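This report looks at a ligand site, at the way the protein is divided, and at two details of the backbone. Please keep the sequence and the structure open while reading.

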Amino acid sequence: MLPYGRQSISEADIRAVAEVLRGDWLTTGPKVEEFERALSLVAGGSEAVAVTSGTAALHVAYVAAGVQGGDEVVTTPLTFVATAAAAAIAGARIVFADIDPATGNLDLGSAEAAMTSRTRVVAAVDYAGLPVDAGAFAAMAHRHGALFLEDAAHSIGSVLGGVPVGAAADLTTFSFFPTKNMTTAEGGAVVSPDAGLAARARRFKGQGLVRDRGALRFPDEGPWHQEVHEFGLNYRLPDVLCALGISQLARLGEFRRRRQQVHDAYNRAFAGNPELTVPGTVEGAVPAWHLYPLRVEAARRRAVFEELRRRGIGVQVNYIPAYWHPVFEDLGYRRGMCPAAEEYYSREISLPLFPGLTDGQVEMVIENVLEVVGS
Ligand SMILES: *Cc1c(COP(=O)(O)O)cnc(C)c1O
């Protein structure tokens, strides 16, 4: 079965990992800082904090933003549940706002309509890799005394209006899961242009430990002295995986170009077909496309999906609206809340999209989609 996404691992990636395994540091060594510096460069100079997954990155980012019991977080339902779950774990009540049906991204107006005096964070997702207007979301959030978090699990390497993802939001999170735009097996990062937020993120992912002599509260007990001022967890990404990340980051441009070529080929084949809706984009965006979310007629979605799978094409659906999960149902959330997101979900099928797809495989996917929807 042709998967909908998969990693691309080169011999150079393998050498980079093997070299660390032969060295002295498996966990917190020099590759962590090197990876964080390289991430900072693709994120427009924002400070980067490497962590163990995209979910961990979200948890760290919500905590760094100060989210706690009684706060509200406004977010999109058209996402992997972690965007909302991590905020709920931090104590927030989740408020879902609807999407822009053209792009699948959180709609700025719907998000603003959901803001209250208790909103601590607005969290948008760069759905499929298309960046949201982070500057506009941040300005809106700040007007309401909140922070803006960009879940960029899909979009590392994307640019909007010349601004790279990671430069404009208060906090941006990445995922390096194998299907994403680059991988460290499991891994993620939080980036922030705000040194204070980055410092809180760094402390929380490192068990809350404070070792900087200038920041200690009590007299120095000796060289072993360290203090915890706020509780933290261990979300440290090991040196071995940071080495893979450094090597993968160097290939991000190549990945982005190939993903764009495949996306363009799908668009050429499907745009204008009355049965199909191709993914929307926005003026000034240079996306690193993670997904190709095609939309078909809702009544036929399941049949088209199953027939494509039967033909060896590993399509996926991204995503079941987050508040349809029973955990939200148990909290009183009901279907129908965000009609545009539900409509998008009901029609969506993600086609295979990854750098290793050959032109022949892309043609094969196109022919099969046209046959299946045409029949
Ligand atoms: C993948 C993903 C995450 C979670 O990342 P993991 O690395 O799998 O924990 C969060 N948000 C979105 C939108 C994702 O696609």
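A residue is counted as near the ligand if one of its heavy atoms lies within 4 Å of it. In this predicted model, 15 residues are found around the ligand, and those that come nearest are Gly54, Thr55, Asp151, Ser175 and Lys180. By class, the residues of this shell divide into five nonpolar, eight polar and two charged. Helix α3, which covers residues 54-64, gives the most to the shell, with three residues.

Which side chains place a polar atom at a short listed distance from an oxygen atom of the ligand? The table gives three such pairs, with one distance for His154, one for Ser175 and one for Lys180.

| Side chain | Ligand atom | Distance |
|---|---|---|
| His154 (N or O atom) | oxygen | 2.9 Å |
| Ser175 (N or O atom) | oxygen | 2.7 Å |
| Lys180 (polar atom) | oxygen | 3.0 Å |

Taken alone, the ligand exposes 380 Å², and the protein buries 92% of that area. Ser175 and Lys180, which appear in the table, are also among the residues that come nearest to the ligand.

On a wider scale, the protein is divided into domain 1, residues 11-249, and domain 2, residues 252-374. The C-alpha centres of domain 1 and domain 2 lie 26 Å apart, and the contact takes 36 residues from domain 1 and 34 residues from domain 2. The size of an interface is often given as the accessible area lost when the parts come together. For domain 1 and domain 2 the buried area is about 2800 Å², and carbon and sulfur atoms give 65% of it.

Two backbone details remain. Most residues other than glycine have a negative phi, and most peptide bonds are trans. Ala185, however, has a positive phi, near 75 degrees, and is placed in the loop between β8 (171-175) and β9 (188-192). Asn318 and Tyr319 are joined by a cis peptide bond with omega of about 5 degrees, and Tyr319 is placed in the loop between α10 (301-310) and α11 (326-330).

Conventions: Residues are numbered from 1 along each chain as its sequence is written. This is a predicted model: local features need pLDDT of at least 70, side-chain atom pairs count only at pLDDT 80 or more; totals for chains, interfaces and linings use all residues. Side-chain values use heavy atoms; hydrogens and water are left out. A polar contact is a pair of N or O atoms within 3.5 Å; within protein, one must be able to donate a hydrogen and the other to accept it, and residues adjacent in sequence count only if both atoms are side-chain atoms. Accessible areas come from the Shrake-Rupley method with a 1.4 Å probe; for residues, only the protein chains shown count as cover. Helices (H or I, at least four residues) and strands (E, at least two) are DSSP runs, numbered from the N terminus. Ala, Val, Leu, Ile, Met, Phe, Trp, Tyr, Cys and Pro count as nonpolar, Asp, Glu, Lys and Arg as charged, and the others, Gly among them, as polar. Domain bounds come from an automatic or database domain assignment. Contact means heavy atoms within 4.5 Å. Buried area is the accessible area (1.4 Å probe) that two parts lose on being put together, summed over both.
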